[in-house]
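These are my notebook entries on two things I looked up, the contact between the chains and the enclosed space inside the protein.

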Amino acid sequence: MASSTPTANESQPEIKLPVLEREQLILNNRSYNWITERICGVLENRQPLLWWLLFIPSALIALIGVGGGLTYLVASGVGVWGMTNRVFWGWDITNFVFWIGIGHAGTLISAVLFLTRQNWRTSINRAAEAMTIFAVICAGIFPAFHVGRVWFAWFLAPIPNANAVWQNFKSPLLWDVFAVSTYFTISLIFWYLGMVPDLATIRDRCKPGLRKFLYGIFAMGWRGGNRQWSHYEMAYLLLAALSTPLVLSVHSVVSFDFATSVVPGWHTTIFPPYFVAGAIFGGFAMVLTIMVPARFIYGLQDLITMKHIDNMAKIILLTGTIVGYAYLMELFVAFYSGAIYEMDAFKFRIAGPYWWAYAAMMSLNVLSPQLFWFKACRENLWVIMAVAMCVNVGMWFERFVIIVTTLARMWLPGDWKTYSPSGVEMMTFVGTIGLFLALFMLFLKFLPCINIAEVKWTLPQSDPHHDDKEHHPDHGIASEAAYQKELVSSK
Amino acid sequence: MSTTRKRVYGYLAEFKSASALYKAAEKIRDSGFRKWDCYSPYPIHGLDGAMGMKRSILPWFVFFGGMTGTATAFALAYSTQVVIYPTIVQAKPANIFTIPAFFPVMFELTILFSGFTVLFGLLALIQLPRLNHPLFASKQFHRATDDGFFIAIEARDPKFNPEKTRSLLAEIGGDNIELVEEEDA
């Protein structure tokens with residue numbers, strides 16, 4: 001490297017290396033005020049017609065599917081969910097694992113990318129965290145209600161009861177109760193604490209009245225003083241550091257539900273990492289599915305740029321390939337184990353009556369993301385949306401394959417059955433999709449969908465030494481224009 | 001004329017950028033003030049040093065909070081599985097050697113208790129929630145959550161002086177210097 005000493009010989013042309021400028025995270029040199037106006041505008045302005053067109057049907061679907069479906073279930077008994085055969089869990093646990101998995105991308109974006117200093121997360125983390133909360137709510141419905149008499153759900157908690165029976169702490173199902181409820185609580189704290197400064201921004205923009213009062217209550221009197229920021233930053237770091245192992249543990253524990261049982265097709269050590277990669281994979285697809293349209297509707301293209309979308313597409317490619325590796329490794333382990341039951345389970349998956357589910361899983365999860373090797377595909381929003389939808393569907397099929405094809409051929413041939421879910425079960429699942437969308441729409445209407453404070457922090461002028469740098473071009477940011485000019489003049 | 005008595009909270013001055021705020025903070029720190037703060041719409045990295053602040057002690061709270069969680073989970077699992085209601089399932093013994101099976105719950109409760117300690121420890125350290133604050137009476141302070149950079153020096157600081165503090169703020173580049181008053185309750 002040529003060192004630039006002030007005494008360098010003028011006659012000797014100094015070798016200048018081209019400096020790759022860091023890609024701007026926020027485009028068009030937007031000001032702090034522009035960011036505030038644009039993000040707060042989403043919830044302060046009247047919602048576009050499209051908002052109502054999405055909210056009303058999804059709220060109705062949620063009401064009929066979840067509200068009506070569960071009322072009917074509680075009123076009549078779990079028989080209406082088809083709990084009459086060996087594939088008891090089929091549909092409901094598929095949906096539970098599906099929704100829990102969706103949530104994981106939110107925590108990954110907010111915690112893991114925070115710890116690894118990936119500043120591009122700031123534009124998408126709030127929406128992804130909201131998605132986590134809503135997905136876990138949807139997930140919780142299935143195990144809570146499929147146990148039967150839901151008013152006994154408190155038996156899950158280790159509380160003394162009249163039967164003098166205690167929970168089995170050696171069971172992965174109890175671990176699951178702790179893991180999922182901890183996950184929900186911590187995600188909620190993380191989401192809420194991250195939102196406090198932004199709620200204060202909204203509070204300060206409101207006219208006095210009920211609205212200002214309510215935002216004021218939730219902003220807790222935040223003032224943005226550095227004596228607050230200092231502790232706040234530490235709290236955020238700690239929550240990120242706590243959430244990272246938590247998110248890995250949650251899906252690992254979910255996978256233990258399967259992996260610790262002595263059932264061919266489930267009893268494998270690859271399950272925990274395989275489930276976690278799959279969860280991140282499916283979650284990122286869901287983030288894209290909701291953020292790409294939202295960015296258009298609310299004109300957030302300068303905040304959620306093609307760079308953000310490109311990064312997410314690359315993560316989908318990476319995790320999709322890990323998932324593909326896990327699928328193949330499962331087959332290899334089944335073959336290499338020499339266990340006939342294990343081999344049979346996988347033969348049944350691939351070529352049995354559920355071959356279509358296996359084929360859908362393989363093509364949608366492993367093949368479709370391979371398009372993201374090509375830059376043109378990562379830049380085309382239609383391709384991105386198509387692949388994201390493929391992955392959403394494919395990840396649902398993955399859980400269906402794992403759960404249903406295994407339970408339909410357990411040890412006793414007398415239990416063998418071709419499974420199909422009941423109408424009420426299907427209705428409830430469609431209802432949770434409505435619930436998820438309706439909650440997300442309400443989130444867009446009432447809460448800041450992008451982290452205002454953190455986005456401001458990523459602007460170049462937010463560095464306290466930004467003004468000093470302009471006097472020393474070699475301090476770190478080399479001016480691209482000056483470099484180009486020099487190139488031209490040297491010719 | 002108003003008859004309510006007012007109490008002076010302190011001076012509020014605006015600075016034009018994060019850099020200006022950073023340099024001003026260094027000067028106020030060196031003048032020996034204690035009861036003052038810098039307000040900005042986002043956390044400015046390095047300002048802790050410029051203000052002469054120590055690292056947050058929150059991690060210590062969280063460490064003990066987390067350990068409480070681990071201990072609680074172990075106590076819960078051990079007392080129910082070994083002492084009160086021993087059952088032999090999955091061929092696991094009903095004694096202390098079952099502990100590996102308790103690890104997942106111990107881990108989860110460690111995280112859960114740590115998370116709650118982060119939340120409540122933070123609120124205790126930053127003395128929130130509170131319903132009002134004298135600074136909210138200022139006409140310009142609402143910009144601190146939008147695009148304004150402010151420094152407020154409180155009147156209860158021993159070095160506070162109505163004239164000298166004002167001229168110090170003006171000297172180090174403060175604009176719109178305002179005397180913030182609160183209504184005496």
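I began with the interface, and I found that chain B and chain A bury about 5800 Å² between them, with 67% of that area on carbon and sulfur atoms. On the side of chain B, I noted that Tyr42(B), Glu108(B) and Thr145(B) lose the most area to chain A, and that together they account for 11% of what that side buries. I keep in mind throughout that this is a predicted model.

Next I looked up the contacts, and I read that 60 residues of chain A are in contact with 70 residues of chain B. For salt bridges between chain B and chain A I wrote down a count of 0, whereas the residue pairs in polar contact, both at pLDDT 80 or more, come to 28.

I then asked which elements of chain B supply at least two residues each to the side that touches chain A, and my list holds α1 (18–30), β2 (36–39), α2 (47–51), α3 (58–84) and α4 (99–125). The largest share comes from α4(B), which gives 17 residues. Sorting the residues of this side by type, I got 45 nonpolar, 15 polar and 10 charged.

Last, I searched for cavities of 30 Å³ or more and recorded 1, with a volume of about 40 Å³. I listed its lining as Thr107(A), Ser110(A), Glu129(A), Thr132(A), Ser187(A), Phe190(A) and Ser243(A), and I saw that α3 (90–115), α4 (125–146) and α5 (172–205) of chain A give two or more residues each to this lining. By type, the lining residues divide into 5 polar, 1 nonpolar and 1 charged.

Note on methods:
Residues numbered from 1 in each chain as written. Chains lettered and ligands numbered in written order. Predicted model: local features only at pLDDT ≥ 70, side-chain atom pairs only at ≥ 80, totals over all residues. Heavy atoms only, no water. Contact = heavy atoms within 4.5 Å. Buried area = accessible area lost by both parts, 1.4 Å probe. Salt bridge = Lys/Arg side-chain N within 4 Å of Asp/Glu carboxyl O. Polar contact = N/O pair within 3.5 Å; in protein donor to acceptor, adjacent residues only side chain to side chain. Helix = DSSP H or I, 4+ residues; strand = E, 2+ residues; numbered from the N terminus. Nonpolar A, V, L, I, M, F, W, Y, C, P; charged D, E, K, R; others polar. 1 Å grid on protein atoms, 1.4 Å probe; cavity = no way out; pocket = protein on both sides within 12 Å on 5 of 7 lines; lining within 4 Å. Points joined across faces, edges and corners; volume = space filled by probe spheres on them.
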